[in-house]
Amino acid sequence: YHDHTAERFITSFTDRVGKWCGEHHIKLTGHMNSEHDLYSQTSSIGDAMRCYRSFQQPGIDVLADHKEFVTAKQCVSVARQRGINQVTCELYGVTNWDFPFFGYKLQGDWLAAMGITTRVHHLSLLGMKGESKRDYPASINVQVPWYPRFGLLEDHYARLNTALRRGKPSVHVGVIHPIESFWLLWGPRDANMTEREGREFDLQNVCQHLIFANIDFDFISESLLPAQTPAECTAPLQVGEMFYDVVVVPGNLTIRSTTLERLERFRQAGGKVIWAGDMPACVDGQENPAAYEFAKDC
């Protein structure tokens, strides 16, 4: 059900808009609503990474100085795999009037470290009459006394982003994104909310363990993988324009047969597969011991 509704939405909306933009030499950019965790994705768009397949310049939104590492990684991973070197982020929204330069610099730096190369500032007010002054401040414009000094930050990021758009990222680790396992836990909040929260915690945990160990990685979308990776794959694992020596599978309830087949061939060719958490009892959403049997030998 969730696979079907996600595909219908993306085919009807982002694919159509992206195709039109491509035909008219325009880059589709921006961000999807409810992209930041497994729950919000499932309830709103189904699968954020799949949405980015038709963006010429995919992007995200970070509000209130939240550290949304998974949000950034989902988007940047698809961009890298598609050979796109520009990834947009709308940033600084809902940070209030007292947000310091330190905060602007810190948010800009961790997003750059995640692979964000285009900054869209929220926001610059043209006027402050009525409710405007309360609309997700602050205003990065002439209304604030430090505005003439903001170039200290923007000159830095202009140079940094120019460098980040050159060359090709050196990434050796891929992580299977667990959104499809989360789909199996959908239902009334009082029935399985605790398990859903646990799955979200596990995803954030794997992401932060790798990031804070200075191990760069890309998420691998199971829905996009068949078109990105040849069935007769070898090692390293080719996913679009990226190549991974190691694939990590976080705790999953299910895995696609297309993913499992490629992981088996990847490992036979000398690649390393690491299962971090529960081994999936299902393949394509149906009970099947194949993934468990394969995982035992990894």
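Where is the place of Arg80? Arg80 sits in helix H5, and I will come back to that residue when I get to the pockets.

First, the conditions. What you see is a predicted model, in which local features need pLDDT of at least 70 and side-chain atom pairs count only at pLDDT 80 or more, while totals for chains, interfaces and linings use all residues. Residues are numbered from 1 along each chain as its sequence is written, and side-chain values use heavy atoms, with hydrogens and water left out.

Helices (H or I, at least four residues) and strands (E, at least two) are DSSP runs, numbered from the N terminus. Two strands pair if DSSP finds at least two bridges between them.

Now the sheets. One is an open sheet of three strands, in the order E1-E2-E3, with parallel pairing. Strand E1 (59-63) and strand E3 (118-121) are at the edges with a single partner strand each, so one side of each has no neighbour in the sheet. From one strand to the next the twist averages 25 degrees; axes are lines fitted to C-alpha atoms, for helices over the stretch in contact, and angles run from 0 to 180 degrees between N-to-C directions. Strand E2 (residues 88-93) pairs with E3 over four parallel bridges, and Thr88 is opposite Thr118 in E3. Helix H6 packs on this sheet and touches E1, E2 and E3, at about 160 degrees to the direction of E2. Contact here means heavy atoms within 4.5 Å.

The other sheet I want to show is an open one of four strands, ordered E5-E4-E8-E10, again with parallel pairing. Its edges are strand E5 (217-220) and strand E10 (272-276); each has a single partner strand, so one side of each is left without a neighbour in the sheet. The twist averages 25 degrees from one strand to the next.

Strand E8 deserves a moment. E8 (residues 246-250) is joined to E10 by five bridges, running parallel, and E4 pairs with E8 over three parallel bridges. Val248 has partners on both flanks: Val175 stands opposite Val248, and in E10 the bridge partner of Val248 is Ile274. Pro250 has Ala276 of E10 as its bridge partner.

Is E8 enclosed or open? Five of the five residues of E8 are buried, so the strand is largely enclosed by the rest of the structure. Buried means under 20% relative accessible area, exposed over 50%, and partly exposed in between (1.4 Å probe, protein chains only). Val246, Val248 and Pro250 point one way, Val247 and Val249 the other. Helix H9 (residues 189-212) lies across strand E4 (173-176), E5 and E8, running at about 155 degrees to E5.

Next, empty space. On a 1 Å grid over the protein atoms alone, a cavity is a set of points where a 1.4 Å probe fits but cannot get out; a pocket is an open set with protein on both sides within 12 Å along at least five of seven lines; lining residues have an atom within 4 Å of a point. Grid points are joined across faces, edges and corners, and a volume is the space filled by probe spheres set on the points.

The largest pocket holds about 330 Å³. It has 18 lining residues, and nearest its centre are Arg80, Ile84, Asn85, Leu164 and Pro169. H5 gives the largest share of that lining, three residues. By class the lining has nine nonpolar, five polar and four charged residues. For the classes, Ala, Val, Leu, Ile, Met, Phe, Trp, Tyr, Cys and Pro count as nonpolar, Asp, Glu, Lys and Arg as charged, and the others, Gly among them, as polar.

Back to Arg80, then. Arg80 is buried, at a relative accessible area of 11%. Leaving out residues up to four places away in sequence, the contacts of Arg80 include Pro169, Asp216, Asp218 and Glu241.

The second largest pocket has about 230 Å³. Among its lining residues are Tyr1, Asp3, Trp183, Arg256 and Asp284.

How many cavities of 30 Å³ or more are there? The count is two. The largest cavity is about 60 Å³ in volume, and Pro250 is one of its lining residues, along with Leu38 and Arg199. H9 gives the most to that lining, three residues. The second largest cavity has about 50 Å³, and there H6 contributes most, again three residues.
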